[in-house]
Amino acid sequence: MKLQHVIYSQQFSVPDLMELFTRTRLMQKTVQRGGSRDYDDKIMATLFYKPSTRTRFSFEAAMYRLGGKVLSTESATSFSSVVEGEQLEDTIRIIGDYCDVIVLRHNEEGGAQRAADVSPVPIINAGDGSGGQHPTQALLDLYTIYNECGTLDGISVALLGALDTGRTVRSLAYLLSKFERVKLYFLAPSELQIKQDIIDHLREHNVWFHLNSDPEEVLPHVDVVYQTRIDRERLASKDLSASQYNINPAMLKRMKPNALVLHPLPRSVEIDPAVDLDPRAAYFRQSRNGLYVRMALLTMLFDSE
Ligand code: CP
C-alpha cells in the first residue's frame with residue numbers, strides 16, 4: 001500500500017487495513033524481542049497543541065522501538081513559536097525540514113489537512129479539533145475488535161457518550177462501515193447524538209444503524225460496547241453522569257459473556273473502576289495495542305517512500 005498522509009480513517013480500504021493488522025502482529029513480536037533497528041535513520045516529530053497521554057507516548061515509544069529518533073515539544077501552544085503568532089502552515093514547513101514524519105494534534109478541526117497541504121513529509125492526524133477525527137485511535141480500536149472477536153463482518157457495536165464531538169467514534173464509524181452486515185447503535189441524549197455527516201455516510205453505504213436507543217435494551221445484545229470519554233467542560237451543562245449511560249457491574253452482568261467493553265480513554269465517570277477486573281473490560285489491552293498499531297503505521301509510511 002502507498003501511504004502518504006494519515007488524515008481521515010475512511011482513506012483506508014479493507015485490504016489496507018488487513019495489511020496494517022498483519023504488520024501489527026509482527027510489531028507485537030518485535031517488541032517482545034526488544035525492538036528493532038530497522039528504521040534507525042528516521043526521525044519523527046510530535047507536535048501536540050492539545051494534551052495527550054496515550055497518543056503521544058505510544059507514538060514516541062513506537063518510533064524508539066523501531067530504532068528511530070523523536071523530536072518533540074512539551075505543549076506546542078506554550079513552547080513553540082505559536083506563542084509568537086506563527087501560523088500552523090509555517091510551523092509545519094519548518095519542522096518538516098528536520099524530520100521524516102510529523103504526528104500532529106491540532107486544536108482546530110481541519111488542522112491536520114491544512115498541515116498535509118504544505119508539509120514536505122507525511123502528516124499523521126493525532127486528533128483535530130472537537131468533532132474532527134482521530135484516525136489512529138480508530139485503527140487501534142478496529143484492530144482490538146478484530147483481534148478479540150476474530151472478525152469484523154457481522155459484528156454489532158453500541159457507541160455511547162458525547163457522540164457529537166467524539167472524534168474517535170466518528171473515525172471508528174467510518175471504518176466499521178467498510179465491513180459486511182455491521183450493526184451500529186448510537187446511544188446518547190439527542191443533543192449529543194452523532195452528527196449528520198456520519199448518518200449520511202452510513203445511509204449512502206447501506207449500513208444498518210439505530211439512534212437514541214435505550215442502553216438497557218441494547219447493551220445485552222451487542223458484541224462490542226464502545227464507551228467514550230466525556231469532556232469535563234460539558235459535564236456541567238449536559239449531564240452524562242446519569243447511570244443510564246455508564247458501565248457498572250450491574251450493567252456488565254446483563255451483557256453477553258464474550259462482549260468487549262472498549263474506551264479510548266481517558267475516562268471519568270463513564271466506566272466504574274469495578275468493571276476493570278472483568279475480562280470483558282478490554283480498554284487497557286486496547287491502549288496497549290496502540291503501540292503496535294502505531295509502529296505498524298509508521299513502517300507503512302516509511303516503506304511507501
Ligand atoms: N485516546 C486518546 O487519544 O488519548 P490521549 O488523549 O491521552 O492521547
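**Close-up views of a predicted model**

**View 1. Helices H1 and H11 pack against each other.** Helix H1 (residues 14-32) and helix H11 (residues 283-303) sit with their axes 8 Å apart, at an angle of about 115 degrees. Axes here are lines fitted to C-alpha atoms, for helices over the stretch in contact, with angles running from 0 to 180 degrees between N-to-C directions. Helices (H or I, at least four residues) and strands (E, at least two) are DSSP runs, numbered from the N terminus. The crossing of H1 and H11 is right-handed; a crossing gets that name if the near helix is turned clockwise from the far one by less than a right angle, and left-handed if anticlockwise. On the H1 side, look for residues including Asp16, Leu20, Met27 and Val31, which meet a set in H11 that includes Leu291, Val293, Met295 and Met300. Contact means heavy atoms within 4.5 Å. By class, this contact has 10 nonpolar, 4 polar and 4 charged residues, where Ala, Val, Leu, Ile, Met, Phe, Trp, Tyr, Cys and Pro count as nonpolar, Asp, Glu, Lys and Arg as charged, and the others, Gly among them, as polar.

A quick note on the model: it is predicted, so local features need pLDDT of at least 70 and side-chain atom pairs count only at pLDDT 80 or more, while totals for chains, interfaces and linings use all residues. Residues are numbered from 1 along each chain as its sequence is written, and side-chain values use heavy atoms, with hydrogens and water left out.

**View 2. H5 crosses H11.** The axes of these two come within 8 Å and cross at roughly 115 degrees. That makes H5 roughly perpendicular to H11, a label for angles of 65 to 115 degrees; under 35 is roughly parallel, over 145 roughly antiparallel and the rest oblique. H5 passes H11 in a right-handed crossing. Among the residues in contact are Gln137, Leu140 and Tyr143 of H5 and Arg285, Asn289 and Arg294 of H11. The mix is 5 nonpolar, 6 polar and 4 charged residues.

**View 3. H5 also meets H6.** Helix H5 (residues 135-149) and helix H6 (residues 167-176) have axes that come within 8 Å and cross at roughly 55 degrees. That makes H5 oblique to H6, and the crossing is right-handed. Pro135, Gln137, Ala138, Leu139, Asp141 and Leu142 in H5 touch Thr168, Ser171, Leu172, Leu175 and Leu176 in H6. Sorted by class, that gives 7 nonpolar, 3 polar and 1 charged residues.

**View 4. Here's the ligand and its surroundings.** Around the ligand are Ser52, Thr53, Arg54, Thr55, Arg105, His134, Gln137, Arg229, Pro264 and Leu265, each with a heavy atom within 4 Å of it. Ligand oxygen atoms lie 2.7 Å from a polar backbone atom of Thr53 and 2.9 Å from one of Arg54. A ligand nitrogen atom is 3.0 Å from a backbone N or O atom of Leu265.

**View 5. Two loops have backbone oddities worth a look.** Most residues other than glycine have a negative phi, and most peptide bonds are trans. Leu265 and Pro266 are joined by a cis peptide bond, with omega about 5 degrees; Pro266 lies in the loop between strand E9 (260-262) and H11. Arg181, in the loop between H6 and strand E6 (183-187), has a positive phi of about 55 degrees although it is not a glycine.

Note on methods:
Polar contact = N/O pair within 3.5 Å; in protein donor to acceptor, adjacent residues only side chain to side chain.
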